[in-house]
Amino acid sequence: MSGLPYIKKILNYSVLLVSDESGEEFIVVQKGIGFGKKVGDEVEILSDGRVFVPVSKPDRFQLLGLLAEIPASYLELTQQIVAYAEEKLHTSLNEHIYLALTDHLHFAVERFKGGLIITNRVFWELKTFYPKEYQIGLHALDLVEEKLGIRLPVEEAANVAFHIVNAQREMEVQYDAMKAAKLIGQVMMTVTYIMKCQPDKESIHYSRFISHMQYFAERFFTDKMLDSEDDLLYSQMEVYPRSLSCAEKIRTLLVREYNKAIPNEEVAYLTIHIHRLASREQK
């Protein structure tokens with residue numbers, strides 16, 4: 001044995017899941033590293049190869065699924081942002097950020113390309129109360145422009161800051177998990193029936209949707225629902241008529257069940273996530 005790591009899974013020619021002699025698993029991003037290789041082959045990681053380790057098992061599975069669909073450059077961007085953040089903040093960030101921020105960056109770029117405007121309702125608060133993280137977010141926008149040639153709106157700096165803040169601490173549970181689970185179950189049943197899709201519970205799309213619903217449930221049960229002064233985002237949802245209709249049926253269901261009003265802004269975000277889930281699962 002040469003002691004070199006061996007391939008456990010090939011995502012594409014530039015992204016591999018490998019294991020070393022101790023059984024530790026790594027995600028390696030290196031141009032052309034998987035070309036002509038097969039599972040079980042040993043590989044040499046060059047000095048310019050990027051290694052991401054050790055991500056937790058649930059996140060590793062989801063990250064591998066994500067990387068099978070999007071360019072590896074987004075994970076490389078996340079790695080650069082995390083390294084910069086850890087240096088500036090003098091702390092280690094939770095490994096979950098590799099999944100959450102990589103997914104967010106890709107979605108942000110796709111939204112931007114499609115001309116979809118999403119207002120960050122807590123932009124001022126994030127910029128004001130987390131100035132260090134916001135500055136890291138601004139640096140992240142520079143990195144995105146340098147690597148992808150796209151200048152994202154300044155509000156995306158606050159979105160990156162949000163992920164950095166979350167990665168520095170564990171989220172506190174602020175709602176009844178049983179009530180939240182019931183609500184999420186009601187929503188999933190409605191989406192499955194109306195959109196005529198049966199999501200794969202192991203897929204990144206399902207995980208992404210459930211994550212959104214967990215935050216929705218937290219806002220719903222703590223009376224902190226997003227409610228903009230105008231309906232700009234909601235009015236744009238006409239481009240997704242089936243998903244909007246589904247979201248409106250969910251609003252009707254939840255208002256009847258819990259006697260709580262649900263603002264148009266929340267329905268708009270729900271529409272976006274329903275569209276993402278259903279369109280991916282129906283491919």
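User: What area does the chain expose, and what share do carbon and sulfur atoms supply?

Analyst: Accessible areas come from the Shrake-Rupley method with a 1.4 Å probe, and for residues only the protein chains shown count as cover. Here the chain exposes about 14900 Å², of which carbon and sulfur atoms supply 52%. This is a predicted model, in which local features need pLDDT of at least 70, side-chain atom pairs count only at pLDDT 80 or more, and totals for chains, interfaces and linings use all residues. Residues are numbered from 1 along each chain as its sequence is written, and side-chain values use heavy atoms, without hydrogens and water.

User: How many of the residues are buried, as a percentage?

Analyst: Buried means under 20% relative accessible area, exposed over 50%, and partly exposed in between (1.4 Å probe, protein chains only). Of the 283 residues in the chain, 48% are buried.

User: Which residues have the most contacts inside the largest nonpolar core?

Analyst: A nonpolar core is a set of buried Ala, Val, Leu, Ile, Met, Phe, Trp, Tyr and Cys residues joined through side-chain atoms within 4.5 Å. The largest one has 42 residues, and I27, I81, I97, L105 and I164 have the most contacts inside it. Another core, of 36 residues, lies apart from it and includes F107, M195, Y206 and L277.

User: Is Q186 buried or exposed, and which residues does Q186 touch?

Analyst: Q186 counts as buried because its relative accessibility is 16%. With contact meaning heavy atoms within 4.5 Å, Q186 touches L253, L254, E257 and Y258, not counting residues up to four places away in sequence.
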